[in-house]
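Trainee: I have not looked at this one before, and I would like to go through it slowly. Could we take it step by step, with the reasoning spelled out each time?

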Amino acid sequence: MNSWIPSCRDRFTLSDFTFLSSVLSPGGERQHLWMLWEDPEALREMLDLKEVLRALIDSTAALGVSPGFYFYVLVRHSFLEAGITDPGMADYVAGVMVQRLASDTGDPLRSLPTGLTHAADFVAILESAQGRMRFHLQLEAGNQFLVLTGLFPGFITRRCQRRGAPGVPFYEDFARRAYRDAADNRSAPQDAPRRMLGELSEVLPHARLSLNKMAEEFVFLGD
């Protein structure tokens, strides 16, 4: 994927390879694994193995892997369990998570929890946006509320209970519409993954539930 598109698989590190080798070939010859590592389809098949997921969750060796590797494996297996089989979609969603769960960049469109977390904030800036800028804002709106509803549903629920603000279903639907609008935007860059964004809009309810389960079982994110 191009650099502006959130992705993880093109950014795996040597430490990630070392971890994968320790799982699939402990104490063994790793030259053949390196050849598979450099083959995108073979790498996908290796990372789809349940043994890799279990080791990532249970082994202390996983402490050395990159955030991209960690989230890709978790999202990919969570999506597979939910029947979402496109590895590119798992890669994109994992990339969005790494982007937003990194240290606060100060970018209100991408930062959590200090960034924009209300639909009205995005609606206000989208109203005056045109062309390619509108596409990117639609994409950021979808990404922001994908992460909020997928990993932080409790935050939205508590805000709803305290202030009467919209709940998780509202923001899930907002994210779906944002992705659909981005997919349909004729001003999108030529390399934009429009088909994938449209498909993500369609499967988002299932994806969101699988991310909720992933966050509850495997990822400690605090409040």
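What follows is a conversation about a predicted model, moving from the whole chain to its helix contacts and then to single residues.

Trainee: How many helices and how many strands does the secondary structure of the chain come to?

Mentor: Reading from the N terminus on, the elements run α-α-α-α-α-α-α-α-α-α-α. The secondary structure of the chain therefore comes to 11 helices and 0 strands.

Trainee: What is the radius of gyration of the chain, and what does the globule rule give for 223 residues?

Mentor: Along its principal axes, the C-alpha trace spans about 60 × 40 × 35 Å. For 223 residues the globule rule gives 17 Å, and the value for the chain is close to that, so the chain is as compact as a globular protein of that length. The radius of gyration itself is 18 Å.

Trainee: What percentage of the contacts with a separation of 6 or more comes from residues 24 or more positions apart?

Mentor: As background, buried residues make up 49% of the 223 residues in the chain. Among the contacts with a separation of 6 or more, the share that joins residues 24 or more positions apart is 65%.

Trainee: Turning to helix pairs, are α5 and α11 roughly parallel or oblique to each other?

Mentor: Two packed helices are described by the angle between their axes and the distance between the axes. Helix α5, residues 67–81, and helix α11, residues 194–217, have axes 9 Å apart and pack at an angle of about 125°. An angle that falls outside the roughly parallel, roughly antiparallel and roughly perpendicular ranges counts as oblique. The two helices, α5 and α11, are therefore oblique.

Trainee: Which residues of α11 does α5 meet?

Mentor: The crossing in which α5 passes α11 is right-handed. On the α5 side, the residues in contact are L74, V75, S78, F79 and E81. The contact residues of the two helices divide into 6 nonpolar, 2 polar and 2 charged. On the α11 side, the partners are A207, S210, L211, K213 and M214.

Trainee: How is α8 oriented to α11, roughly parallel or oblique?

Mentor: The axes of helix α8, residues 131–151, and α11 come within 7 Å and cross at roughly 25°. Angles under 35 degrees count as roughly parallel. It follows that α8 is, with respect to α11, roughly parallel.

Trainee: How many nonpolar, polar and charged residues are in the contact of α8 with α11?

Mentor: From α8 the contact takes F135, L139, L146, T149, G150 and L151, while α11 contributes L197, L204, R208, L211, N212, M214 and A215. Sorted by class, these residues give 9 nonpolar, 3 polar and 1 charged.

Trainee: And how many nonpolar, polar and charged residues does the contact of α5 with α6 have?

Mentor: Helix α6 covers residues 87–101, and its axis lies 8 Å from that of α5, at an angle of about 135°, which makes α5 oblique to α6. Their crossing is right-handed. The contact joins P67, G68, F71, Y72, V75, R76 and F79 of α5 to P87, M89, A90, D91, V93, A94, M97, V98 and L101 of α6. By class, the contact has 13 nonpolar, 1 polar and 2 charged residues.

Trainee: Among single residues, is L47 buried or exposed?

Mentor: L47 has its place in helix α3. Leaving out residues up to four places away in sequence, L47 touches F12, L20, V52, F69, Y72, V73 and H77. With a relative accessible area of 1%, L47 is buried.

Trainee: Why does D48 count as buried?

Mentor: D48 lies in the loop between α3 (40–47) and α4 (50–58). Not counting residues up to four places away in sequence, D48 touches R76, H77 and L80. Buried means under 20% relative accessible area, and D48 counts as buried because its relative accessibility is 18%.

Trainee: How far apart in space, C-alpha to C-alpha, are L63 and S15?

Mentor: L63 is found in the loop between α4 and α5, and at 76% relative accessibility L63 counts as exposed. In sequence, L63 and S15 are 48 residues apart. In space, C-alpha to C-alpha, their separation is 9.9 Å.

Key:
Residues numbered from 1 in each chain as written. Predicted model: local features only at pLDDT ≥ 70, side-chain atom pairs only at ≥ 80, totals over all residues. Heavy atoms only, no water. Axes fitted to C-alpha atoms, helices over the stretch in contact; angles between N-to-C directions. Helix = DSSP H or I, 4+ residues; strand = E, 2+ residues; numbered from the N terminus. Parallel < 35°, antiparallel > 145°, perpendicular 65-115°, else oblique. Left-handed = near helix turned anticlockwise from the far one by under 90°. Contact = heavy atoms within 4.5 Å. Nonpolar A, V, L, I, M, F, W, Y, C, P; charged D, E, K, R; others polar. Rg over C-alpha atoms; globule rule 2.2 N^0.38 Å. Buried < 20%, exposed > 50% of the residue type's maximum accessible area, 1.4 Å probe, protein only.
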